[in-house]
Amino acid sequence: MKATSKASKSASRIDLHMHSTASDGRLSPTAVVQRAADQGVRLMALTDHDTLEGLPEAQAAAAQCGIDCIPGIELSARWARGVVHIVGLDIDITTPILLEGVARQQTERRQRAVRIAERLTRAGISDITERLERLAQGVPGRAHFARALVEQGAVPTVQAAFERYLKRGRPGYAAVEWARIEEVVAWIHAAGGIAVFAHPLRYGLSRGALRAAIQAFVDAGGQSIEVANGGGGRDDQVAAAALARRFGLTGSKGSDFHDPDFPWIEIGRLAPLPPDIPAVWERFRETPAESVSG
């Protein structure tokens with residue numbers, strides 16, 4: 001399904017990165033779309049982690065709300081020095097190569113969930129599986145484990161859950177053998193989509209390591225980078241824009257919305273792209289460039 005909105009430039013707001021209960025978001029796909037509409041968004045993408053399950057519901061809801069929902073996904077990708085996230089936009093969700101890749105990522109997620117639960121049990125956390133069954137509609141991710149730990153009273157906040165139990169080196173951490181970055185980009189391209197390097201300033205990488213990661217992405221055929229991202233300040237946007245220029249990438253923008261209880265990351269609350277950076281949505285196959293603005 002492609003966007004066909006005729007919204008005026010003055011009314012247009014764009015958000016191309018958000019999550020629902022199909023992965024680790026707190027709202028259903030329908031509720032995410034409704035919230036986007038309420039925030040004045042005219043062009044959106046639901047980009048759940050390593051799954052396409054929420055897209056049919058989201059696109060049906062978008063049609064009801066009168067906004068455009070581009071098919072998207074956020075894929076975890078391995079490179080030489082760690083893991084980055086690649087957003088795929090304007091994808092054909094029936095593409096066999098993409099579906100095979102998503103199934104592979106889901107298998108990794110299921111196996112990781114089992115290992116995390118086992119390790120938390122050994123660390124003295126009981127009944128974690130029962131809580132996960134209520135919190136996660138699909139394969140539990142680390143955010144679901146964090147919420148379960150908060151509910152259980154093991155930690156006061158989700159952030160504390162990651163710091164104490166779930167980050168690398170902690171009792172509940174379990175490594176994952178994600179697909180390589182070049183494989184992930186190839187899946188997106190096979191589906192006719194555009195590969196976007198997500199939230200570049202969030203990985204905690206040194207400048208040199210971040211440039212190396214983006215170079216690996218570009219070498220794999222990556223085309224775009226998130227310049228405006230939820231939770232990032234002015235300095236992050238300036239740095240991301242500089243990276244877009246350095247590597248000749250188009251710019252994207254996305255809140256990375258997960259939870260209405262985190263108002264500092266709200267759908268549609270994003271700065272415009274710098275005027276010299278081409279917008280990724282201008283490259284969508286059937287979205288009239290004149291119908292949307294940043």
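Reader: How many disulfides are there in this one?
Author: The count comes to zero disulfides in this predicted model.

Reader: How far is the sulfur of C65 from the closest cysteine sulfur?
Author: The closest cysteine sulfur to that of C65 belongs to C69 and lies 10 Å away, which is too far for a bond. A disulfide would need the two sulfur atoms within 2.5 Å. C69 is likewise in no disulfide, its nearest cysteine sulfur being that of C65.

Reader: And is C69 buried or exposed?
Author: C69 has a relative accessible area of 1%, so this cysteine is buried. C65, by contrast, is partly exposed, with a relative accessible area of 27%.

Reader: Changing topic: how many aromatic pairs are there?
Author: The count comes to three aromatic pairs. One of them joins F197 and F217, whose ring centres are 5.5 Å apart and whose planes stand at 65 degrees, so this pair is edge-to-face.

Reader: Where do F197 and F217 lie?
Author: F197 belongs to strand 5 (residues 194-197), and F217 belongs to helix 8 (residues 207-219). The pair therefore ties together parts that are 20 residues apart in sequence. Both F197 and F217 are buried.

Reader: Which residues form a cluster with F197?
Author: Y203 and F217 join F197 in one aromatic cluster.

Reader: What about the rings of F262 and W264, how are they arranged?
Author: Their centres are 5.3 Å apart and their planes are at 25 degrees, so the pair F262 and W264 is stacked. The planes would have to be under 30 degrees apart for that class.

Reader: Is W264 buried or exposed?
Author: W264 counts as exposed, at 58% relative accessibility. Its partner F262 counts as partly exposed, at 32% relative accessibility.

Reader: On to the helices. At what angle do helix 5 and helix 6 pack?
Author: Helix 5 (residues 142-152) and helix 6 (residues 158-166) pack at about 105 degrees, and their axes are 8 Å apart. Helix 5 is therefore roughly perpendicular to helix 6, a class that covers angles of 65 to 115 degrees.

Reader: Which residues make the contact?
Author: From helix 5, the contact uses R142, A143, F145, A146, R147, L149 and V150. Helix 6 contributes V158, A161, F162, Y165 and L166.

Reader: And by class, what does the contact of helix 5 with helix 6 have?
Author: This contact has ten nonpolar residues, two charged residues and no polar residues.

Note on methods: Residues are numbered from 1 along each chain as its sequence is written. This is a predicted model: local features need pLDDT of at least 70, side-chain atom pairs count only at pLDDT 80 or more; totals for chains, interfaces and linings use all residues. Side-chain values use heavy atoms; hydrogens and water are left out. Rings of Phe, Tyr and Trp (its six-membered ring) pair if their centres lie within 6.5 Å; planes under 30 degrees apart count as stacked, over 60 as edge-to-face and the rest as tilted. Helices (H or I, at least four residues) and strands (E, at least two) are DSSP runs, numbered from the N terminus. Buried means under 20% relative accessible area, exposed over 50%, partly exposed in between (1.4 Å probe, protein chains only). Axes are lines fitted to C-alpha atoms, for helices over the stretch in contact, and angles run from 0 to 180 degrees between N-to-C directions. Angles under 35 degrees count as roughly parallel, over 145 as roughly antiparallel, 65 to 115 as roughly perpendicular and the rest as oblique. Contact means heavy atoms within 4.5 Å. Ala, Val, Leu, Ile, Met, Phe, Trp, Tyr, Cys and Pro count as nonpolar, Asp, Glu, Lys and Arg as charged, and the others, Gly among them, as polar.
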